[in-house]
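Here is a set of short exercises to work through with the structure open beside you. Try each task before you read its solution.

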Amino acid sequence: MAARSSGVTLSSVNEVAEALLRAAYQPFPALPRLLESVMRSLAESTGALEGALWVRGHGALAFIRSGRELHLAWTDALGATPPPGVAPAAQAASIEERLVYGGASVGELRLSFGADPGREAEVAALCQALSRGLAPLVKRYDVQRWAEERLGQPMVLIGASAAIRAVDTFIERVAASPLPVLIHGEFGTEKELIAASIHSLGPDRDGPFAVVHDPGQLQGDALAQLSRSFEQARGGTLFIDGLDELPPPAQSGLLELLRAGQGIRGRADEGRAPPRIIGSSTSDLHRLAREGQFSRSLLMKLDFLSVTLPPLSARREDIKPLIAWVLHRYGHPWDRKSTEELIDVCQEYAWPENIVELERVVVRLAVMTGAEPIRRADILEHTPWIAPAPAHAAGAPGGRSAAPQLQSPSKEIASRWTRMVLAGDFSELPALHDGLGRALVYLSEHYAEPISLSQLARHARVSASHLTYLFKSSLGTSFKPFLGQVRIQRAKQLLETSRQRITDVAITVGFADLSHFEKLFRRLVGVSPRVYRRQAAPSGRNDGKTP
């Protein structure tokens, strides 16, 4: 960024505004503290002599510079007098910029600075860019207040990264519309929070916000069950959390409601209007529709407005404020508990379960460390999987053992579960996550059939990303390699005990491509299927002519 006396230039005002917001942003429990932080950053960035920020429903925050001191004070109205004992600054140039959200004014920013006519355009551009970025942050606190009053939950979107602010923009654009919304995202992302934000910032914020959790459990008369949810949500929003888990009867029931005109409404509806539909999914609904796993007709009725939420791994700069928010939410002093050690470790971890996992980890560390700050040693002791200790830390000074480490499961563990899946031996399932257990039971009966990760995840009743995490963390491998091991292990059994042609063996265990079967067999076993059969044959038996 080019340097000038004011610190801003026309060519970089957007970058300056972004940097200013990121520097000032913290997940403060209340909006006033966030605004104070932003105004201090703005005053320092521009060298402004005085200014004020008015926000609807919160009052006006005025600042004035007196020498090197910057004085801030909250007042009831914009343009109020400076704080007592502080003389007004000499005004030479003044800028006014509205905060606009969804086409409506939610506040106003005013700034005054010393005599330098050449700077006015620069500072005006900065204030305009800052106002655009500030308005969505203000509305987040409106959502928080609504959620606390209506749902009894402290729901608020956290972060100032470009990825999450793009979600802010989406919410602003779709909130006023009556059209259905699809929210895509990995397991553990803020799908319900986004749905609640869209509802609470729209025209039906005073109407009901009904949620259908675990739609995969809708069985029997799915139409009747969904109809009851529709009735509860009339005049508001119906949020279906997990559209990709809807069983076929429930998909048909939802489609019937939509076709009857009970799910998509227009502006002319009056009174207890049909609810707006918002649905979430961890899988690609278009791909599921192509594979025949999701109703194409239903997707056509719902796919009007959609957003894909960024995973936590794409929001590294949001980790610090998210940690602070989690600590505050659970009653821990975030300014004392959070440390650079904790932030560094959390920013390096992949977070396969996203916000849900971060919350569990941070709260666990906060509880287990008592009143002390969270250090790396605490992480290694209580949540070692997010930060394995260095290899040299096998022992500690003074005879103490190092904190227990979570080792990656060995190949032997995956091989043992491969044999157990083929044998139908599930005596050790209680030691695994329920979702992974359901996946292994399903694989034991269907390993030879064409099966994708998303299909298996639906049978396991977890998201595809979460199932991937479970395979890697518990078995030391991912789904596709494990499935390949199961199939090759079964092929070895057939080669040892039957006289099937090798081509038939490949088809029997699930390989449509003989070349792929032979390459994988050689990679996993070390020899070709033909050589393996010959080596496994009893002494004196001649299988050399077996194709």
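A residue counts as buried when its relative accessible area is under 20%, as exposed when that area is over 50%, and as partly exposed in between. Keep those cut-offs handy, and remember that the model is a predicted one.

**Exercise 1. An enclosed helix**

Task: Find which residues of helix H17 are buried, and name helices that cover them.

Solution:
- Step 1. Applying the cut-off to H17 (residues 453-460) picks out Ser454, Gln455, Leu456, Ala457, Arg458 and Ala460.
- Step 2. That is 6 of the 8 residues of H17, so this helix is largely enclosed by the rest of the structure.
- Step 3. Now look at the cover: it includes helix H8 (285-290), helix H16 (434-446), helix H18 (464-475) and helix H19 (479-497).
- Step 4. Just after H17 comes Arg461, which has a positive phi near 60°.

**Exercise 2. Classifying an arginine**

Task: Decide whether Arg416 is buried, partly exposed or exposed, and place it in its helix.

Solution:
- Step 1. Arg416 belongs to helix H15 (residues 411-423).
- Step 2. Its relative accessibility is 30%, so Arg416 is classed as partly exposed.
- Step 3. For a link across the sequence, turn to Leu475: it lies 59 residues from Arg416 along the chain, while 9.5 Å separates their C-alpha atoms.

**Exercise 3. Two packed helices**

Task: Describe how helix H2 packs against helix H3, and sort the residues of their contact by type.

Solution:
- Step 1. Two numbers describe such a pair: the angle between the axes and the distance between them.
- Step 2. For H2 (residues 31-46) and H3 (residues 120-150), the angle is about 170° and the axes are 11 Å apart.
- Step 3. Angles over 145 degrees count as roughly antiparallel, so H2 is roughly antiparallel to H3.
- Step 4. On the H2 side the contact is made by Leu31, Leu34, Leu35, Val38, Leu42, Ser45 and Thr46. H3 contributes Val123, Leu126, Leu130, Leu134, Leu137, Val138 and Tyr141.
- Step 5. Sorting the contact residues of H2 and H3 gives 12 nonpolar, 2 polar and no charged.

**Exercise 4. The antiparallel sheet**

Task: Work out the strand order of the sheet that contains S1, and say which strands stand at its edges.

Solution:
- Step 1. The sheet is open, with 5 strands in the order S3-S2-S1-S5-S4 and antiparallel pairing.
- Step 2. Strand S3 (69-75) and strand S4 (93-101) each have a single partner strand, so one side of each has no neighbour in the sheet.
- Step 3. On average, neighbouring strands of this sheet are turned by 15° against each other, direction ignored.
- Step 4. Strand S2 (residues 59-66) pairs with S3 over 7 bridges, and Ala62 stands opposite Ala73 in S3.
- Step 5. S2 and S3 form a hairpin with 2 residues between them, and Gly67 in its turn has a positive phi of about 65°.
- Step 6. At the other end of the order, S4 and strand S5 (residues 104-113) are joined by 9 antiparallel bridges. Ala93 has Phe113 of S5 as its bridge partner.
- Step 7. H3 packs on this sheet, touching strand S1 (50-55), S4 and S5, and its direction makes about 30° with that of S4.

**Exercise 5. The parallel sheet**

Task: Do the same for the sheet with parallel pairing.

Solution:
- Step 1. This open sheet has 5 strands in the order S7-S8-S9-S6-S10.
- Step 2. Strand S7 (209-212) and strand S10 (305-308) are the edge strands; each has a single partner, so one side of each lacks a neighbour in the sheet.
- Step 3. The twist from one strand to the next averages 15°.
- Step 4. Strand S8 (residues 237-241) and strand S9 (residues 276-281) run parallel and share 5 bridges. Ile240 faces Gly279 in S9.

**Exercise 6. The nonpolar cores**

Task: Identify the residues that touch the most other members of the largest nonpolar core, and the element that gives the most to it.

Solution:
- Step 1. This core has 92 residues, of which Leu134, Ile323 and Trp351 touch the most other members.
- Step 2. H3 gives the most to this core, with 14 residues.
- Step 3. A second, separate core has 25 residues, including Trp417, Ala439, Phe471 and Leu483.
- Step 4. Back to Trp351: beyond its neighbours within four places in sequence, its contacts are Leu312, Arg316, Ile319, Cys346, Glu357, Leu358, Val361 and Ile386.

Terms used:
Residues numbered from 1 in each chain as written. Predicted model: local features only at pLDDT ≥ 70, side-chain atom pairs only at ≥ 80, totals over all residues. Heavy atoms only, no water. Axes fitted to C-alpha atoms, helices over the stretch in contact; angles between N-to-C directions. Helix = DSSP H or I, 4+ residues; strand = E, 2+ residues; numbered from the N terminus. Parallel < 35°, antiparallel > 145°, perpendicular 65-115°, else oblique. Contact = heavy atoms within 4.5 Å. Nonpolar A, V, L, I, M, F, W, Y, C, P; charged D, E, K, R; others polar. Pairing = 2+ DSSP bridges. Core = buried A, V, L, I, M, F, W, Y, C linked by side-chain atoms within 4.5 Å. Buried < 20%, exposed > 50% of the residue type's maximum accessible area, 1.4 Å probe, protein only.
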